[in-house]
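Keep the sequence and the 3D view open side by side. The paragraphs below go through the structure step by step.

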Amino acid sequence: MSKQQDPKAFYNKLREQLYETSSWPSEYLYKFIVKSSGLKVTQVENIFDNMGAVINTKESSNGKYTSVSINVLMKDPDAVIEKYLKVTEEVEGVISL
């Protein structure tokens, strides 16, 4: 999501696309980028704790950033969006892909 784009419009469009392209419940792959501090990665991981999520992390070549990929079963597009919103609210500087 670009900084100029309205978040509400972005998430409404995402919700529509998810309903059109998947049957729910469905596995969903989240991807985030955070600065490589253990705290930021842990914050993201904790948001998906106790959900049976498969979480993979990979540091950038210079070690400055870490990508966090989370594959988890979600009940519907609204639940997907709720997690995106929770991550962006709780983890400063996170980039959602």
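**A charged pair between helices**

Asp 78 is partly exposed, with a relative accessible area of 30%. This is a predicted model, and every value here is computed from it. Which residue does Asp 78 form a salt bridge with? The partner is Arg 15, and the closest N and O atoms are 2.5 Å apart. Asp 78 belongs to helix α3 and Arg 15 to helix α1, so the pair ties together parts that lie 63 residues apart in sequence. Arg 15 is partly exposed too, at 25% relative accessibility. In both cases the label follows from the cut-offs: buried means under 20% relative accessible area and exposed means over 50%, so a value in between counts as partly exposed.

Now widen the view to the two helices. Helix α1 covers residues 7-21 and helix α3 covers residues 77-90. They pack at an angle of about 145 degrees, with their axes 9 Å apart. The crossing of α1 past α3 is right-handed. On the α1 side, the contact is made by Tyr 11, Leu 14, Arg 15, Leu 18 and Tyr 19. On the α3 side, Pro 77, Asp 78, Val 80, Ile 81, Tyr 84, Leu 85 and Thr 88 take part. What is the character of the residues in the contact of α1 with α3? Nine are nonpolar, one is polar and two are charged.

The salt bridge between Asp 78 and Arg 15 has company. The count comes to two salt bridges. Lys 86 and Glu 90 also meet through their side chains, at 3.3 Å from N to O. Here both partners lie in helix α3, four residues apart, or about one turn of the helix. Lys 86 is partly exposed, with a relative accessible area of 36%. Glu 90 is likewise partly exposed, at 42%.

Turn next to helix α2, residues 38-47. Which of its residues are buried? They are Lys 40, Val 41, Val 44 and Ile 47. Look down the axis of α2: these buried residues fall within an arc of 125 degrees, so they line one face of the helix. The face turned away from that buried side carries the exposed residues Gly 38, Leu 39 and Asn 46. What covers the buried residues of α2? The cover includes the strands β1 (26-35), β2 (54-59) and β3 (65-74), together with helix α3. Helix α3 thus appears in two settings: it packs with α1, and it is part of the cover over the buried residues of α2.

Some single residues remain. Glu 20 sits in helix α1. It counts as exposed, at 65% relative accessibility. Glu 20 and Met 74 are 54 residues apart in sequence, and their C-alpha atoms are 15 Å apart in space.

Two loops deserve a look at the backbone. Pro 25 is found in the loop between α1 and β1. A cis peptide bond joins Trp 24 to Pro 25, with omega about 0 degrees. Asn 50 lies in the loop between α2 and β2. Its phi is near 65 degrees, a positive value in a residue other than glycine. Is Asn 50 buried or exposed? Asn 50 is exposed, with a relative accessible area of 77%.

Notes: Residues numbered from 1 in each chain as written. Predicted model: local features only at pLDDT ≥ 70, side-chain atom pairs only at ≥ 80, totals over all residues. Heavy atoms only, no water. Axes fitted to C-alpha atoms, helices over the stretch in contact; angles between N-to-C directions. Left-handed = near helix turned anticlockwise from the far one by under 90°. Contact = heavy atoms within 4.5 Å. Nonpolar A, V, L, I, M, F, W, Y, C, P; charged D, E, K, R; others polar. Salt bridge = Lys/Arg side-chain N within 4 Å of Asp/Glu carboxyl O. Buried < 20%, exposed > 50% of the residue type's maximum accessible area, 1.4 Å probe, protein only. Arc of directions from axis to C-beta.
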